[in-house]
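The following exercises concern contacts between chains and the pairing of strands. Each task is followed by a solution in steps.

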Protein chains: 4
Amino acid sequence: MGIVLGPNRYGKAETRVVRVVRDGQRHELRDLNVSVSLSGDLDATHLAGDNAGVLPTDTQKNTVYAFAKEHGIDQPEDFALRLARHFVASQPTIHRARVHIEQHSWQRLGPHSFQRDGGETRTTTVTVDTAGEWVVSGLAGLVLLNSTDSEFWGYAKDGYTTLPETRDRILATAVDARWRFAAPTDWADSYPGVRAALVAAFVQTYSLSLQQTLYAMGRRVLEERPEVVEVRLALPNKHHLLVDLAPFGLDNPNEVFVAADRPYGLIEGTVLRSDAPSYDGAF
Amino acid sequence: MGIVLGPNRYGKAETRVVRVVRDGQRHELRDLNVSVSLSGDLDATHLAGDNAGVLPTDTQKNTVYAFAKEHGIDQPEDFALRLARHFVASQPTIHRARVHIEQHSWQRLGPHSFQRDGGETRTTTVTVDTAGEWVVSGLAGLVLLNSTDSEFWGYAKDGYTTLPETRDRILATAVDARWRFAAPTDWADSYPGVRAALVAAFVQTYSLSLQQTLYAMGRRVLEERPEVVEVRLALPNKHHLLVDLAPFGLDNPNEVFVAADRPYGLIEGTVLRSDAPSYDGAF
Amino acid sequence: MGIVLGPNRYGKAETRVVRVVRDGQRHELRDLNVSVSLSGDLDATHLAGDNAGVLPTDTQKNTVYAFAKEHGIDQPEDFALRLARHFVASQPTIHRARVHIEQHSWQRLGPHSFQRDGGETRTTTVTVDTAGEWVVSGLAGLVLLNSTDSEFWGYAKDGYTTLPETRDRILATAVDARWRFAAPTDWADSYPGVRAALVAAFVQTYSLSLQQTLYAMGRRVLEERPEVVEVRLALPNKHHLLVDLAPFGLDNPNEVFVAADRPYGLIEGTVLRSDAPSYDGAF
Amino acid sequence: MGIVLGPNRYGKAETRVVRVVRDGQRHELRDLNVSVSLSGDLDATHLAGDNAGVLPTDTQKNTVYAFAKEHGIDQPEDFALRLARHFVASQPTIHRARVHIEQHSWQRLGPHSFQRDGGETRTTTVTVDTAGEWVVSGLAGLVLLNSTDSEFWGYAKDGYTTLPETRDRILATAVDARWRFAAPTDWADSYPGVRAALVAAFVQTYSLSLQQTLYAMGRRVLEERPEVVEVRLALPNKHHLLVDLAPFGLDNPNEVFVAADRPYGLIEGTVLRSDAPSYDGAF
């Protein structure tokens with residue numbers, strides 16, 4: 001019986017790069033948070049502190065900035081692929097690179113003036129290894145709410161159940177979605193298309209459970225976007241609790257709610273094409 | 001020489017209330033975070049634990065919910081005034097009430113579907129006491145960036161100065177603004193007007209310092225909005241540091257930046273009408 | 001009627017400096033977050049973008065690091081005073097400097113090994129101007145809880161009151177305390193003394209209201225620490241709500257609680273010596 | 001080619017429960033954040049909104065509180081196992097339950113007075129399904145620093161490498177550790193033992209890379225704690241950057257550092273017994 005080193009990886013997390021494209025007075029802006037993670041023949045540094053195979057995380061950060069200048073930043077998927085391929089191709093000890101990007105978006109206010117969009121971020125996670133390349137794109141922080149057309153009843157009950165059934169409630173969630181591609185695609189076209197499908201399904205689904213809404217959202221993406229083979233969703237149920245106003249002689253027909261922080265329901269699920277090749281490593 | 005109780009206040013902070021107005025299938029949504037703070041004859045509870053003059057903070061919370069039902073929520077200033085007046089008028093021991101509201105905004109996606117706007121919040125702070133009523137409105141979390149038309153040079157230098165002068169830099173900030181009214185006004189009209197003035201001044205000012213931009217923003221509000229008598233701004237300088245790409249044989253003509261977290265410059269200032277009555281207690 | 005510039009200040013916020021003292025193998029560690037704020041003759045930069053009187057915030061940051069080397073960091077009050085005096089003395093346009101420091105503490109694990117203490121920070125705010133020097137020290141993030149010896153009853157009731165009176169509840173708070181000194185003192189001795197007085201008063205006070213506990217905490221500091229003339233406390237009431245277990249056939253004699261996030265009570269108060277000179281500007 | 005539902009689960013996240021044990025005047029306190037996640041025959045709710053197999057997340061929350069009363073809370077592993085077994089045993093549709101607990105610790109100040117410990121939390125993740133039971137315990141938020149005995153040199157260099165080699169640097173990290181057990185053990189004894197092994201290895205390892213320290217920490221746990229079969233560590237490299245004081249005529253022999261926020265290195269690795277049965281699902 002021995003003690004061994006198992007799976008491991010390392011890299012520079014959260015390199016913040018802002019890239020301006022200056023075409024005369026009219027500028028374009030890209031604002032990314034880039035995290036790199038490399039794996040390969042790294043036993044020597046763990047077991048003996050021999051760093052000959054370790055490309056410093058500081059170098060990884062420098063590469064992000066240099067590539068932003070040399071190649072520009074258009075779609076985050078392309079930028080991530082370029083970085084990941086570079087690390088695998090140029091470092092003999094690195095066999096696998098994972099690049100995760102969060103893109104903050106900005107609205108244009110003028111030729112070189114911008115306002116940052118709030119909570120929502122576009123994401124991508126790219127994995128490149130000797131067996132292939134995988135791209136998962138996503139979004140986080142998109143908060144959606146339907147103030148009606150949501151029910152919850154007919155559920156299992158036991159001795160600890162006190163929740164009253166309801167035929168009308170608020171349904172709200174902060175969408176955390178990631179979707180896997182079968183092959184490279186037109187990233188600039190795909191992202192708004194997938195996002196629109198997610199939003200449309202949330203808005204248009206008359207919901208009997210957040211699970212039903214989750215499945216509808218994933219299914220809608222797969223129906224509308226042939227380039228996507230798998231969708232993974234994590235949907236917190238941002239509870240809006242009806243306030244009991246009876247002590248004050250008032251009724252409350254779904255008008256006044258507490259927006260609760262904790263606890264919250266959390267619904268997680270995957271919707272995929274039945275012939276999609278499985279690859280958990282992409283996520 | 002004795003020990004005495006000085007200024008004090010108490011209240012319920014961060015009551016989260018969501019109010020739905022249901023007019024058939026088309027709904028309206030208000031989403032507030034309400035903090036109440038009361039002061040008056042409260043020595044007895046501090047000195048002797050005698051609570052006869054203490055309206056519980058739980059009751060304050062209940063009042064927020066009941067008022068949301070009874071009176072609805074339209075403009076946050078009106079809702080805050082109603083609450084503040086209620087506490088002073090109905091509790092003999094309470095002589096001063098301060099109600100602070102943060103309003104989260106939602107975009108409409110459908111008749112009863114909404115998407116939460118991200119980081120920006122509209123705020124109001126209302127103070128009611130026996131001497132009068134004061135209203136301060138504001139906004140927080142509005143992140144603005146100019147990718148050029150900003151310089152910084154000609155500053156004082158001492159033995160600890162290493163910053164190079166620049167004739168072209170990114171200027172970015174997260175606007176924290178509060179403005180005081182001389183009298184009640186049309187709150188629904190005023191808020192977007194003040195916000196537009198702040199944004200326009202940021203975008204249109206060719207800036208030699210963030211201080212200059214701050215003053216321009218405050219001045220613009222006072223020029224365009226007669227109902228406002230004083231503007232207070234706190235503008236963090238969200239530094240975008242030019243990356244030195246020379247080690248990689250690359251120039252960097254204001255194209256690639258690090259978006260830095262800490263430290264940050266912080267510029268705070270007040271712009272007011274010369275005849276504005278002073279009242280710090282309103283803020 | 002004109003538009004004028006009112007009070008204003010600027011500076012570098014949140015400069016993070018870690019200072020190691022290396023005395024052979026045994027090291028000492030200081031970990032500070034330093035914020036500087038300067039005011040004076042700064043109209044020109046606001047009104048005309050003329051920065052001749054503006055010492056860059058970058059220079060302020062450099063000064064923090066250089067002083068950490070040149071003078072070391074022992075007590076945060078001394079370090080803050082040294083910085084504040086320097087800015088006022090060396091810059092003709094700067095008439096007032098405010099330096100705020102948060103000190104993170106570390107426990108010793110070995111001669112040069114340390115473990116960071118969690119949430120609690122020691123603070124100081126030093127103000128130096130042509131009229132004098134003021135020192136306010138403080139602490140934040142000290143979370144205290146009594147699981148009994150707390151009651152709340154006999155309070156004012158109105159039509160919105162539903163809270164049941166209680167003769168036994170949990171009392172918990174996150175202490176945010178600041179205290180003002182009449183004159184320089186032995187900072188290293190004073191801090192643990194004041195902290196101990198605050199904790200002892202919280203633990204030993206049989207509480208009929210959090211207000212009573214607040215006053216007891218402030219009074220205890222003034223009784224035990226002659227160097228302190230004023231104490232300001234902000235105590236959130238971190239509600240622990242008794243869970244109703246009756247639906248499950250269980251009683252709950254103050255054994256099972258929900259630790260709630262929002263809303264929370266917030267009790268703020270000042271306790272001071274009756275002969276303390278008033279000076280709000282110190283806080 | 002069809003669209004199908006893949007892996008899914010749901011539950012109540014972040015139920016905050018505080019349990020007081022009152023043995024006369026001397027009280028004990030447990031403070032947990034409990035997240036439950038259930039999976040099984042849940043297709044009907046996703047595909048058709050049929051909730052007959054769905055035990056509400058509200059019921060899961062109630063169960064946490066009721067069990068806290070009925071069975072008390074001693075070791076978090078036992079409490080999590082009891083909850084997880086209950087859901088699988090009592091709900092025909094639920095075949096797998098995962099319970100994750102974060103335990104906040106409090107220091108005793110008196111018979112019924114406590115001070116909350118800061119950033120560090122003890123964690124456990126328990127999985128119960130028809131195939132067996134798995135327990136993973138852990139800790140998060142333990143911030144450690146060595147102010148010397150750390151080097152980094154001899155690493156791979158490419159055209160983007162600018163980092164200077166160093167024979168003396170600060171090494172600091174926030175330990176995120178999880179360890180898997182082969183079988184139930186004495187949880188109360190095991191936790192402080194594993195924690196002590198992690199800390200001792202960090203303190204005593206003369207480090208040539210954070211990877212080497214990571215491996216030493218994992219190995220030390222396995223050497224000292226026979227009940228543990230696998231350790232997974234995620235160690236952010238909390239960079240402390242040496243400040244260049246040369247512009248001010250000062251040297252800086254590892255005395256003054258910037259504590260940087262972003263970016264940061266992130267080293268992740270697994271150390272395990274060579275005969276440990278593999279089971280990723282436990283984490």
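Two strands count as paired if DSSP finds at least two bridges between them. The model is a predicted one.

**Exercise 1.** Determine how many bridges join β2(D) to β3(D), and locate the residue with positive phi in their hairpin.

*Solution.*
1. β2(D) and β3(D), the latter spanning residues 26-40, run antiparallel and are joined by nine bridges.
2. Within this pairing, Val21(D) has Glu28(D) of β3(D) as its bridge partner.
3. Two residues lie between the strands of the hairpin, and Gly24(D) adopts a positive phi near 70 degrees.

**Exercise 2.** Identify the strand of chain C that pairs with β2(D), and state the sense of the pairing.

*Solution.*
1. The strand is β10 of chain C (residues 256-259), which pairs with β2 of chain D (residues 15-23) in the antiparallel sense.
2. Three bridges make up this pairing.
3. One bridge partner in β2(D) is Val18(D), which faces Phe257(C) in the bridge.

**Exercise 3.** Describe the extent of the interface between chain A and chain D.

*Solution.*
1. Chain A and chain D each bring 74 residues to the contact.
2. The buried area is about 6,200 Å², with 54% given by carbon and sulfur atoms.
3. Ile3(A), His46(A) and Tyr160(A) supply 12% of the area that chain A buries against chain D, more than any other three residues.

**Exercise 4.** Analyse the polar contacts of the interface between chain A and chain D, and the make-up of chain A's side.

*Solution.*
1. There are four salt bridges between chain A and chain D.
2. A salt bridge requires the nitrogen and the carboxyl oxygen to lie within 4 Å; Arg262(D) and Glu14(A) form one at 2.9 Å, N to O.
3. Across the interface, 38 residue pairs are in polar contact, with both residues at pLDDT 80 or more.
4. Of the side of chain A that touches chain D, β1(A) gives the largest share, eleven residues.
5. That side divides into 31 nonpolar, 29 polar and 14 charged residues.
6. β1(A) also pairs with β11 of chain D (residues 264-273), antiparallel over nine bridges, and Leu5(A) has Val271(D) as its bridge partner in β11(D).

**Exercise 5.** Classify the aromatic pair of Phe248(A) and Tyr160(C) as stacked, tilted or edge-to-face.

*Solution.*
1. Over all chains, the count is 24 aromatic pairs.
2. For Phe248(A) and Tyr160(C), the centres are 5.6 Å apart and the planes form an angle of 55 degrees.
3. Stacked planes are under 30 degrees apart and edge-to-face planes over 60, so this pair is tilted.
4. The pair crosses between chains: Phe248(A) lies in the loop between β9 and β10 of chain A, and Tyr160(C) in the loop between β6 and β7 of chain C.

Conventions
Residues are numbered from 1 along each chain as its sequence is written. Chains are lettered from A and ligands numbered from 1 in the order in which they are written. This is a predicted model: local features need pLDDT of at least 70, side-chain atom pairs count only at pLDDT 80 or more; totals for chains, interfaces and linings use all residues. Side-chain values use heavy atoms; hydrogens and water are left out. Contact means heavy atoms within 4.5 Å. Buried area is the accessible area (1.4 Å probe) that two parts lose on being put together, summed over both. A salt bridge is a side-chain nitrogen of Lys or Arg within 4 Å of a carboxyl oxygen of Asp or Glu. A polar contact is a pair of N or O atoms within 3.5 Å; within protein, one must be able to donate a hydrogen and the other to accept it, and residues adjacent in sequence count only if both atoms are side-chain atoms. Helices (H or I, at least four residues) and strands (E, at least two) are DSSP runs, numbered from the N terminus. Ala, Val, Leu, Ile, Met, Phe, Trp, Tyr, Cys and Pro count as nonpolar, Asp, Glu, Lys and Arg as charged, and the others, Gly among them, as polar. Rings of Phe, Tyr and Trp (its six-membered ring) pair if their centres lie within 6.5 Å; planes under 30 degrees apart count as stacked, over 60 as edge-to-face and the rest as tilted.
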